[in-house]
Amino acid sequence: MAIFYKLRYRNNTTNPNYSGFYATVSNKGTVSTDEVAEEIQRNCSMKRSDVLAVLAELSEVMKQQIQQSHSVKLNGIGIFRPGIRSVIAKTPDMFKPSNIKGLRLNFLPEGFRQGKQLVKAVFTGAKIMQEGVPATVKPGGSVSPTDKGGGSHQVSGGDGF
């Protein structure tokens, strides 16, 4: 199993020092709740219908708890917690409910420290592979394919992994 990436070229006309290639994940699609339930059924003694019932109830309980300002910690996955976006007010008296612009859900993946590095458990042992043909920049800023680069490597952890 590997996390695939593609190289993209970013042309920063205001600061050429920030122009260049960067990696972006090559998303292979979305796995549905039914597909997750099917795979869990294959990996344990629960039937698919039981798994679907548990996942449906998990969804309801998480929604209920988050709407009561609780964080929800799922071992092996991470912590889900409510967040809020608002416009800054100079003083508490100047803050009005209209300053609130929306709610969001924050996610902090479960992790552990390995020396000074934070290792996110979901990426432990992940391999990274380049997908497709890497590209180079032609004079004038256009992008063309090249045969350099590619390959895969094991991720050891590190910040963000």
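**Exercise 1. In this predicted model, determine which residues S26 is in contact with, leaving aside its neighbours within four places in sequence, and decide whether S26 is buried or exposed.**

Solution. Begin with the contacts: once the neighbours within four places in sequence are left aside, S26 is in contact with F4, Y5, K6 and E131. Next, place the residue in the chain, where S26 belongs to the loop between β2 (20-25) and α1 (33-43). Finally, consider its accessibility: the relative accessible area of S26 is 9%, and since buried means under 20%, S26 counts as buried.

**Exercise 2. Describe how strand β1 (residues 3-10) is joined to β8, and work out which side chains of β8 are buried.**

Solution. The first step is the pairing, in which β1 and β8 run parallel and are joined by three bridges. Within β8, Q130 is the residue that Y5 stands opposite. The second step is to follow the side chains along β8 (residues 127-130), where I128 and Q130 point to one face and are buried, whereas K127 and M129 point to the other face and are not. This can be set beside the general rule that in a regular strand the side chains alternate between the two faces of the sheet.

**Exercise 3. Identify the residues that make up the largest nonpolar core and the elements that give two or more residues to this core.**

Solution. The core has five residues in all, namely M62, I66, V72, L74 and F80. The elements that give two or more residues to this core are α2 (48-66) and β3 (72-74). Looking then at a single member, and not counting residues up to four places away in sequence, one finds that M62 touches V72, L74 and F80.

**Exercise 4. Establish the strand order of the open sheet that contains β3, β4 and β5, and find which strands stand at the edges.**

Solution. The three strands follow the order β3-β4-β5, and their pairing is antiparallel. Because β3 and β5 each have a single partner strand, these two stand at the edges, and one side of each is left without a neighbour in the sheet. From one strand to the next, the twist averages 25 degrees. Turning to one pair in detail, β3 and β4 are paired in the antiparallel sense over three bridges, with V72 standing opposite F80 in β4. The helix α2 packs on the sheet, where it touches β3, β4 and β5, and its direction makes about 145 degrees with that of β3. Between α2 and β3 lies a loop that includes S69; this residue has a positive phi of about 70 degrees although it is not a glycine, and S69 counts as exposed, at 62% relative accessibility.

**Exercise 5. Classify the ring pair formed by F80 and F107, and compare the burial of F80 with that of F107.**

Solution. The structure holds two aromatic pairs. In the pair of F80 and F107 the ring centres are 4.7 Å apart and the planes stand at 40 degrees, so the pair is tilted, given that planes under 30 degrees apart count as stacked and those over 60 as edge-to-face. The pair links distant parts of the chain, with F80 in strand β4 (residues 78-86) and F107 in strand β5 (residues 100-109), 27 residues apart. As for burial, F80 is buried, with a relative accessible area of 17%, whereas F107 is partly exposed, at 41% relative accessibility.

**Exercise 6. Find the rings over which the charged ends of R10 and K28 sit.**

Solution. For R10, the charged end sits over the ring of Y22, at 4.3 Å from the ring centre. For K28, the ring is that of F4, and the charged end sits over it at 4.9 Å from the centre.

**Exercise 7. Characterise the hairpin formed by β6 and β7.**

Solution. Start with the pairing: strand β6 (residues 111-114) and strand β7 (residues 117-120) are antiparallel and pair over four bridges. Then locate a partner, which for Q114 is Q117 in β7. Lastly, examine the turn, where two residues lie between the strands and G115 has a positive phi of about 70 degrees.

Conventions: Residues numbered from 1 in each chain as written. Predicted model: local features only at pLDDT ≥ 70, side-chain atom pairs only at ≥ 80, totals over all residues. Heavy atoms only, no water. Core = buried A, V, L, I, M, F, W, Y, C linked by side-chain atoms within 4.5 Å. Buried < 20%, exposed > 50% of the residue type's maximum accessible area, 1.4 Å probe, protein only. Contact = heavy atoms within 4.5 Å. Phe/Tyr/Trp six-rings, centres within 6.5 Å; stacked < 30°, edge-to-face > 60°. Lys NZ or Arg CZ within 6 Å of the ring centre and 35° of its normal. Pairing = 2+ DSSP bridges. Axes fitted to C-alpha atoms, helices over the stretch in contact; angles between N-to-C directions.
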